[in-house]
Amino acid sequence: MEFEVNRNNCDAVKHATRKRIWDEMERRQLVRYPLPLQGRIPNFNDSRAAAFNLCSTPEYRRAKVIKVHPSLNAAWIRGLSLKHGKTLLVPPLPGNRFLYFRLNRRDLPRDINWSYVASKRGFNQYGTPLSLKEIPRV
């Protein structure tokens with residue numbers, strides 16, 4: 001017996017679930033700029049604490065290369081990863097002809113502002129664009 005998934009129904013359920021969660025996060029004031037939240041990765045209030053929690057895990061400590069999305073709420077983990085000497089991979093915004101920016105602490109100026117490098121402007125300025133063949137093993 002085959003089971004056929006109705007793609008339209010799955011998309012509708014996924015959209016409704018996201019909307020319910022986004023609305024609840026806004027109602028409970030769990031997120032900050034940018035608002036409204038709909039259609040975005042939430043910039044939740046405790047993103048700093050979450051980044052420090054992640055850094056305390058054995059998996060993070062063992063990792064040499066970290067892939068982190070470019071959204072605002074991930075700035076803390078991007079900055080901490082660089083401070084900890086990890087190679088950081090960040091996908092560019094849509095419209096680029098490469099797959100990731102690579103940032104490495106040893107390639108950055110010694111007196112660099114980590115908050116700036118972890119921002120979209122910073123990794124666009126200091127990151128090295130990588131093609132598929134150049135992406136390091138994670």
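**Figure 1. Buried residues of helix α4 in the predicted model.** Ile77, Arg78, Gly79, Leu80, Ser81 and Leu82 are the buried residues of α4. Buried means under 20% relative accessible area, exposed means over 50%, and partly exposed lies in between (1.4 Å probe, protein chains only). Helices (H or I, at least four residues) and strands (E, at least two) are DSSP runs, numbered from the N terminus. Because the model is predicted, local features need pLDDT of at least 70, side-chain atom pairs count only at pLDDT 80 or more, and totals for chains, interfaces and linings use all residues. Residues are numbered from 1 along each chain as its sequence is written, and side-chain values use heavy atoms, with hydrogens and water left out.

**Figure 2. Surroundings of Leu82 and the largest nonpolar core.** A nonpolar core is a set of buried Ala, Val, Leu, Ile, Met, Phe, Trp, Tyr and Cys residues joined through side-chain atoms within 4.5 Å. The largest one has 20 residues, of which Val68, Ile77, Leu82, Leu88, Leu103 and Val117 touch the most other members. At least two residues of this core come from each of α2 (47–55), α4, β2, β3 and α5 (114–118). Helix α4 supplies the largest share, 3 residues. With residues up to four places away in sequence not counted, Leu82 touches Leu88, Leu103, Asn104, Arg105, Leu108, Trp114 and Val117. Contact means heavy atoms within 4.5 Å.

**Figure 3. The four-stranded sheet and the helix packed on it.** The sheet is open, has 4 strands in the order β1-β2-β3-β4, and shows mixed pairing. Its edge strands, each pairing on one side only, are β1 (65–67) and β4 (128–130). From one strand to the next the twist averages 30°. Helix α4 (residues 75–83) packs on the sheet and touches β1, β2 (87–90) and β3, with its direction at about 150° to that of β2. Axes are lines fitted to C-alpha atoms, for helices over the stretch in contact, and angles run from 0 to 180 degrees between N-to-C directions.

**Figure 4. Strand β3 and its two partners, β2 and β4.** Strands β2 and β3 run antiparallel and are joined by 4 bridges. One pair here is Leu88 with its bridge partner Leu103 in β3. Strand β3 (residues 100–104) also pairs with β4 in the antiparallel sense, over 3 bridges. In β4, Leu130 is the bridge partner of Tyr100, and Thr128 is that of Arg102. Two strands pair if DSSP finds at least two bridges between them. Strand β3 is largely enclosed by the rest of the structure, because 4 of its 5 residues are buried.

**Figure 5. Asn73 in the loop between β1 and α4.** Asn73 counts as buried, at 11% relative accessibility. Its side chain reaches the backbone oxygen of Pro42 at 2.8 Å. Pro42 is also among the contacts of Asn73, together with Ile41, Asn43, Phe44 and Ser47, when neighbours within four places in sequence are left aside.

**Figure 6. Gly85 in the loop between α4 and β2.** Gly85 follows α4 and has a positive phi, near 80°. This glycine is partly exposed, with a relative accessible area of 42%. Lys14 lies 71 residues from Gly85 along the chain, and their C-alpha atoms are separated by 37 Å.

**Figure 7. Backbone features of the loop between α1 and α2.** The loop follows α1 (7–27) and contains Pro34. Tyr33 and Pro34 are joined by a cis peptide bond, with omega about 0°. Pro36 lies in this loop too, and the peptide bond to Pro36 from Leu35 is cis, with omega near 0°. Gln29 is another residue of the loop. Phi of Gln29 is near 55°, a positive value in a residue other than glycine. Gln29 is exposed, with a relative accessible area of 63%.

**Figure 8. The protein chain as context for the close-ups.** The chain has 6 helices and 4 strands, which run α-α-α-β-α-β-β-α-α-β from the N terminus on. Its C-alpha atoms fill a box of roughly 55 × 40 × 35 Å, taken along the principal axes. Of its 138 residues, 33% count as buried. Among contacts with a separation of 6 or more, 37% are between residues 24 or more positions apart.

Terms used
A polar contact is a pair of N or O atoms within 3.5 Å; within protein, one must be able to donate a hydrogen and the other to accept it, and residues adjacent in sequence count only if both atoms are side-chain atoms.
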